[in-house]
Amino acid sequence: MKRQQRPLAAKIIALGLGMAFVALLAFLPSGLFLPARIALVIFGSAILLWAGTRLDATWVAFAAAIAAVLFGAADQADLMTMLGHDVIWLMIGAFVIGGALQTTGLASRIADGVARRSKTTNGLFWRTTAVIVPLTFLVPSTSGRAATMM
């Protein structure tokens, strides 16, 4: 069965309404300072763009970081300091490894092998667990592991 596509106008209207809702939510709490409100709008918009469009998550994250600096929610020096942090590069490396596992098809072959050999739900659970546990040493980031397992 083929999945029906929504018209482009409906997608644009839904995305616009979602962003308006995010902007409204950012200005409801009276105790937030302006930079926090701006950061909330940027974060909500990034989530909507990531989940509601076909834009690559990398470009959405990059645009959100640039918007945070341009609109004053973050300082440029703080952004550059964050990019130099070891944990950030660990996350980037984990996503690169996860992407490489998906691109090469290794993740699909492993998943197919696990599913083919499992005859019961219980067996599928234990085989999947047996595959995920060693991945904790190969892909140290939880998000990178999740990207691999998708």
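In this predicted model, the largest nonpolar core is made up of 7 residues in all, namely Ile38, Ile42, Ala46, Val60, Ala64, Ala67 and Ala68. Two helices, α2 (34-52) and α3 (57-70), are the elements that give two or more residues to this core, and the largest share, 4 residues, comes from α3. In soluble globular proteins, nonpolar side chains tend to be buried together.

One member of the core, Val60, can be followed to its neighbours: leaving aside residues up to four places away in sequence, Val60 touches Ala46, Leu49, Trp50 and Leu55. Of these, Ala46 is itself listed in the core.

Nonpolar residues are also found on the surface of the model, where Met80, Met82, Leu83, Ile88, Trp89, Ile92 and Val96 form a nonpolar patch whose accessible area comes to about 660 Å² together. Which helices each supply at least two residues of the patch? They are α4 (76-83) and α5 (86-103), and α5 provides the largest share, with 4 residues. Ile92, one of the residues of the patch, has its place in helix α5. With a relative accessible area of 35%, Ile92 is classed as partly exposed, because this value lies between the limit of 20%, under which a residue is buried, and the limit of 50%, over which a residue is exposed.

The aromatic rings give another view of the structure, which holds 2 aromatic pairs. Their geometry is set out below.

| Aromatic pair | Distance between centres | Angle between planes | Arrangement |
|---|---|---|---|
| Trp59 and Phe62 | 6.2 Å | 85° | edge-to-face |
| Phe125 and Trp126 | 5.0 Å | 75° | edge-to-face |

Trp59 and Phe62 both belong to helix α3, and because they are 3 residues apart there, about one helical turn separates them. Trp59 and Phe62 are each exposed, although the helix that carries them, α3, also gives the largest share of the core described above, 4 residues.

How are Phe125 and Trp126 arranged towards each other? The planes of their rings stand at 75°, so the pair counts as edge-to-face, since angles over 60 degrees are placed in that class. As for their exposure, Phe125 has a relative accessible area of 48% and is therefore partly exposed, whereas Trp126, with a relative accessible area of 54%, is exposed. The two values fall on either side of the 50% limit, which is why the two residues are given separate labels.

Note on methods: Residues are numbered from 1 along each chain as its sequence is written. This is a predicted model: local features need pLDDT of at least 70, side-chain atom pairs count only at pLDDT 80 or more; totals for chains, interfaces and linings use all residues. Side-chain values use heavy atoms; hydrogens and water are left out. Patches are made of residues with over 30% relative accessible area and no salt bridge: like charges are joined within 9 Å, nonpolar side chains (Val, Leu, Ile, Met, Phe, Trp, Tyr) within 5 Å. Accessible areas come from the Shrake-Rupley method with a 1.4 Å probe; for residues, only the protein chains shown count as cover. A salt bridge is a side-chain nitrogen of Lys or Arg within 4 Å of a carboxyl oxygen of Asp or Glu. Buried means under 20% relative accessible area, exposed over 50%, partly exposed in between (1.4 Å probe, protein chains only). A nonpolar core is a set of buried Ala, Val, Leu, Ile, Met, Phe, Trp, Tyr and Cys residues joined through side-chain atoms within 4.5 Å. Contact means heavy atoms within 4.5 Å. Rings of Phe, Tyr and Trp (its six-membered ring) pair if their centres lie within 6.5 Å; planes under 30 degrees apart count as stacked, over 60 as edge-to-face and the rest as tilted.
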